[in-house]
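The following exercises concern a single model and are each accompanied by a worked solution. Please inspect the sequence and the coordinates before proceeding.

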Amino acid sequence: PQWFAAESRHVYFDSAAVVVAVILAGKYLEELAKGRASTAIHKLLGLQAKQATRLDAQGAEQQVSLAALHIGDRVLVRPGERIPVDGSVIEGDSHVDESMLTGEAVPVRRKPGDRVVGGTVNAEGRLVIEATALGKDTVLSQIVRLVESAQTGKLPVQRVADRVVAVFTPVVLLIAAASFAAWLTLTGDVSAALVAAVAVLVVACPCAMGLATPAAILVGSSRAAEMGVLFRKGEALEALSRIDTVLAAALEADSEHPLARAVRDAAAQRGLTPPAVQGFAAILGYGVRASLDGHTLLLGARRLMEREGISLNTLGEQADALEAQGQTAVFLAQDQNCIAVLGISDPLKPEAVAVVQALRQRGLAIALVTGDARRTAQAVAVALGIHDAPAAEPPQGGHLPLPTSPTAWGRSDHSLPTSGEGAELQAQGRRVAFVGEGLNDGPALAQADVGLALASGTDVAIEAADVSLTRGDLAALPSAIDTARHTLRTIHGNLFWAFAYNIVLIPLAAGIAAPWGVHLHPMLAGVAMGLSSVFVLGNSLRLKRLSPWQAPQVHSSAQSAPLSALIHTP
């Protein structure tokens with residue numbers, strides 16, 4: 001006490017108590033906000049059934065825990081019960097509420113042979129299911145794992161904050177010591193010097209900087225999961241927010257052209273019975289070969305006819321017309337004579353046109369990538385409203401041209417999309433997102449800055465994709481981009497607040513504004529410190545209010561038959 005002047009010999013029990021109370025209150029609010037931010041994970045975990053009704057070989061029922069189940073076990077699911085495992089229906093006919101996967105409120109009919117997913121709810125019928133996936137291998141567990149992985153990942157934007165936080169504590173200690181020394185030297189008042197030093201230590205808030213990115217990722221990825229968008233890692237969220245070009249290989253209802261099925265179905269519609277052939281063989285990338293009644297038949301792409309030296313006769317012109325209408329031309333040859341051309345078309349996904357318009361409204365360039373011939377690809381691009389590419393500008397303008405109008409790549413050999421298109425645009429400085437079905441588009445998904453895969457609920461963990469659209473439709477694509485952009489904007493806002501707070505209040509606490517009569521008491525410093533973290537979390541929680549993009553209701557006209565045949569006899 002003798003170190004202090006008589007008028008400065010104060011006790012600060014009240015200040016110490018208030019500072020501790022305020023800091024604890026701030027931490028409580030912070031934890032409360034964190035709990036609200038992670039509700040999506042808790043909701044997903046809550047969808048897991050705790051027990052299952054197993055049927056033995058005699059059909060007797062037995063209540064068991066999920067840990068006691070094995071692959072191949074038969075599980076009984078009564079009306080209103082939650083399905084405990086992934087499996088296939090072997091008995092019963094019912095409707096299942098799959099809204100937790102698809103977002104669709106209308107239950108889906110499930111009958112013997114259909115697959116069901118654990119966590120969905122059986123509506124009205126009795127189902128017996130054979131377990132095909134348990135524990136960590138179930139779709140629900142994969143979803144939880146993907147969300148957790150995205151939430152724990154670090155974004156590149158966080159590196160600046162990490163570097164600052166690494167030196168923050170020693171810098172603050174030096175500032176506190178310097179303010180103590182300065183006040184003691186200038187005033188000789190140990191009490192005033194101590195108050196200034198303590199105010200600096202209390203007001204300094206590395207927590208806000210540390211929470212700025214993780215809090216936004218936590219809320220953003222959770223909200224995305226609720227909208228059917230799963231980010232495999234946090235980096236994909238930032239990369240998706242920065243893309244300027246979208247390559248789409250999944251705008252048609254069936255991007256892999258099941259040609260044999262289309263031909264068979266068309267024959268059945270015409271009352272025809274396809275005869276059995278001999279010596280059937282597939283010619284990879286070209287078509288198929290077979291024999292019928294001593295005749296050699298070839299069925300495949302134009303490239304197959306060219307390879308075999310078969311003249312197309314007038315069917316070449318007919319094929320050009322079909323391709324101009326967006327159909328894939330498939331030729332049939334008998335004994336080295338081309339006798340028919342078939343036009344096979346994939347109907348566009350119902351929401352495809354609206355999605356293309358939504359992406360354009362978001363300032364994105366769109367290109368169609370398909371295994372079809374170039375004329376077919378261009379016709380599909382026109383149908384989708386992909387009419388032109390951005391105007392070419394000098395490189396310093398920041399914009400580079402896409403391929404010539406219409407914006408589409410196509411191939412005459414029906415090969416699958418590769419990584420070439422994405423690499424070509426990336427070399428021009430574009431940030432590319434590739435949207436595919438996920439399985440056959442692996443190279444292109446991996447090459448793109450962000451790969452997005454359309455997944456059918458049972459296919460959520462596609463290794464090549466950075467993002468999975470779990471509802472299997474393109475309507476989640478604008479939602480994914482909106483979520484990524486809003487999340488990154490929130491992160492930038494959080495970081496700005498965290499840096500500005502410390503830059504302004506630490507000098508204020510040190511007494512830089514004392515000549516104008518402005519002081520920051522340690523109690524007020526404690527309140528400011530607590531509110532700083534709460535502000536960052538509150539700002540991040542606003543992401544929970546994001547709404548999914550909805551495609552406008554369009555009453556489409558009746559579609560033409562998926563296959564047409566033009567036959568020419570030499």
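**Exercise 1.** Does T213 count as buried or exposed, and why?

*Solution.* The model is predicted: local features require pLDDT of at least 70, side-chain atom pairs count only at pLDDT 80 or more, and totals for chains, interfaces and linings use all residues. Residues are numbered from 1 along each chain as its sequence is written, and side-chain values use heavy atoms, with hydrogens and water left out. Buried means under 20% relative accessible area, exposed over 50%, and partly exposed in between (1.4 Å probe, protein chains only). T213 has 0% relative accessibility and therefore counts as buried. T213 lies in helix α7; helices are DSSP runs of H or I with at least four residues, numbered from the N terminus.

**Exercise 2.** Determine whether the end-to-end distance of helix α5 (residues 158-187) agrees with its expected span.

*Solution.* The expected span is 1.5 Å times one less than the number of residues. For the 30 residues of α5 this gives 44 Å, and the end C-alpha atoms are 42 Å apart, so the two agree. Next, locate the bend, defined as the angle between axes fitted to the seven residues ending at a residue and the seven starting there. α5 bends by about 45 degrees at F168, and the proline P170 follows within four residues. After α5 comes G188, with a positive phi near 70 degrees.

**Exercise 3.** Identify buried residues of α5 and elements that cover them.

*Solution.* The buried residues include F168, V172 and W183. Among the covering elements are α6 (190-203), α7 (206-226) and α16 (476-510), where contact means heavy atoms within 4.5 Å.

How values were computed. Helix = DSSP H or I, 4+ residues; strand = E, 2+ residues; numbered from the N terminus.
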